[in-house]
Each structure stands twice: as structure tokens, then as C-alpha cells.
Amino acid sequence: MKESLQHIKSWGNYLKFRGQLFVPSKEEIHGTINELGQFIAYGNGKNYGDCAFNNLVISSKQLNKVHHFDTENGTICCEAGVLLGDLVKMILPKGYF
């Protein structure tokens, strides 16, 4: 698992916070959560205002797989780190948005 002390920020760069960022693989996520106890989840950092302010932050970027797209019912099962842009590329050709 990658771990580093760095400035964590939002898209608008309004606030920055220095914290310990953990980037676990899918296989490491459960152990990391149990080990850290209290933490804040951090997505792609594209929010406009606040960001994940905590000393311990877990990134979901590695959890980026789409498991199932049911085009008949319009449902998607995916991991927390899937980007909205990637979903749009997948669903738009199928007539969803």
C-alpha cells in the first residue's frame, strides 16, 4: 500500500490540509480500514469547497472497477473509485445519461 504525508486539497484549491494519505489496493482495503480505525475517505478531489480534512485519509482511486452494467434495468454495480467521466463513456452509447 502506498502511504505518504502530503497536502490534500479540493479542486478549487480553496483549502489544503496536510495529512497522511493511504492508497490501498482492493486486496488491502479491509485491512487498512481495520488498522486505521478513524479516517476519511477521499475520492478524486474534484469537490468545489472542503476536502477530506483528517490526519488519516484513504484514497478510493485504486477501487475503480465496474462489475456489472444492467442495460435492461439501468443499474450499475461499481467500486467507489470509478470516475463519473468513465461511467458516462460507458452508459452514453447505450442511451443512458
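Biologist: In this predicted model, does Tyr-96 count as buried, partly exposed or exposed, and what is the reason?

Modeller: Buried residues have under 20% relative accessible area and exposed ones over 50%, with partly exposed in between. Tyr-96 has a relative accessibility of 27%. Because that value falls between the two cut-offs, Tyr-96 counts as partly exposed.

Biologist: What kind of aromatic pair do Phe-69 and Tyr-96 form?

Modeller: The structure holds one aromatic pair. In it, the ring centres of Phe-69 and Tyr-96 are 5.8 Å apart, and the ring planes stand at 70 degrees. Planes over 60 degrees apart meet the cut-off for this class, so the pair of Phe-69 and Tyr-96 is edge-to-face.

Biologist: How many residues apart are the two partners, and where does each one lie?

Modeller: Phe-69 belongs to strand 5, residues 66-70, while Tyr-96 is in the segment after helix 2, which spans 84-91. The pair therefore links distant parts of the chain, and the partners are 27 residues apart.

Biologist: Is Phe-69 buried or exposed?

Modeller: The cut-off for buried is under 20% relative accessible area. Phe-69 has 18% relative accessibility, so Phe-69 counts as buried.

Biologist: Which residue stands opposite His-68?

Modeller: Strand 5 pairs with strand 6, residues 75-78, in the antiparallel sense over four bridges. These two strands form a hairpin with four residues between them, and Gly-74 in the turn has a positive phi of about 70 degrees. Across from His-68, in strand 6, stands Cys-77.

Biologist: In what pattern do the helices and strands follow one another along the sequence?

Modeller: The protein has two helices and six strands. Read along the sequence, they give the pattern β-β-α-β-β-β-β-α.

Biologist: Which residues make up the largest nonpolar core?

Modeller: Six residues belong to this core. Helix 1 (29-36) and strand 4 each supply at least two of them. The members are Phe-22, Ile-29, Leu-36, Leu-56, Ile-58 and Leu-63.

Biologist: Which residues does Leu-36 touch, leaving out those up to four places away in sequence?

Modeller: Leu-36 is a member of the largest nonpolar core. With residues up to four places away in sequence left out, Leu-36 touches Phe-22, Leu-56 and Ile-58.

Biologist: What separates the C-alpha atoms of Leu-56 and Phe-39?

Modeller: Leu-56 has its place in strand 4. Not counting residues up to four places away in sequence, Leu-56 touches Gln-20, Phe-22, Leu-36, Gln-38, Phe-39 and Ile-40. Leu-56 and Phe-39 are 17 residues apart along the chain, but the separation of their C-alpha atoms is 5.0 Å.

Biologist: Why does Ser-59 count as buried?

Modeller: Ser-59 lies in strand 4, residues 56-59. Leaving aside neighbours within four places in sequence, Ser-59 is in contact with Leu-21, Phe-22, Val-23, Pro-24 and Tyr-42. Buried means under 20% relative accessible area, and Ser-59 counts as buried because its relative accessibility is 5%.

Biologist: How far is the backbone nitrogen of Lys-61 from a polar atom of the side chain of Ser-59?

Modeller: A polar contact needs N or O atoms within 3.5 Å. The backbone nitrogen of Lys-61 and a polar side-chain atom of Ser-59 are separated by 3.1 Å.

Biologist: What share of the residues of the protein counts as buried?

Modeller: The accessible surface comes to about 6,700 Å², and 53% of it belongs to carbon and sulfur atoms. The protein has 97 residues, and the share of them that counts as buried is 28%.

Technical notes. Residues are numbered from 1 along each chain as its sequence is written. This is a predicted model: local features need pLDDT of at least 70, side-chain atom pairs count only at pLDDT 80 or more; totals for chains, interfaces and linings use all residues. Side-chain values use heavy atoms; hydrogens and water are left out. Buried means under 20% relative accessible area, exposed over 50%, partly exposed in between (1.4 Å probe, protein chains only). A polar contact is a pair of N or O atoms within 3.5 Å; within protein, one must be able to donate a hydrogen and the other to accept it, and residues adjacent in sequence count only if both atoms are side-chain atoms. Contact means heavy atoms within 4.5 Å. Accessible areas come from the Shrake-Rupley method with a 1.4 Å probe; for residues, only the protein chains shown count as cover. Rings of Phe, Tyr and Trp (its six-membered ring) pair if their centres lie within 6.5 Å; planes under 30 degrees apart count as stacked, over 60 as edge-to-face and the rest as tilted. Two strands pair if DSSP finds at least two bridges between them. A nonpolar core is a set of buried Ala, Val, Leu, Ile, Met, Phe, Trp, Tyr and Cys residues joined through side-chain atoms within 4.5 Å.
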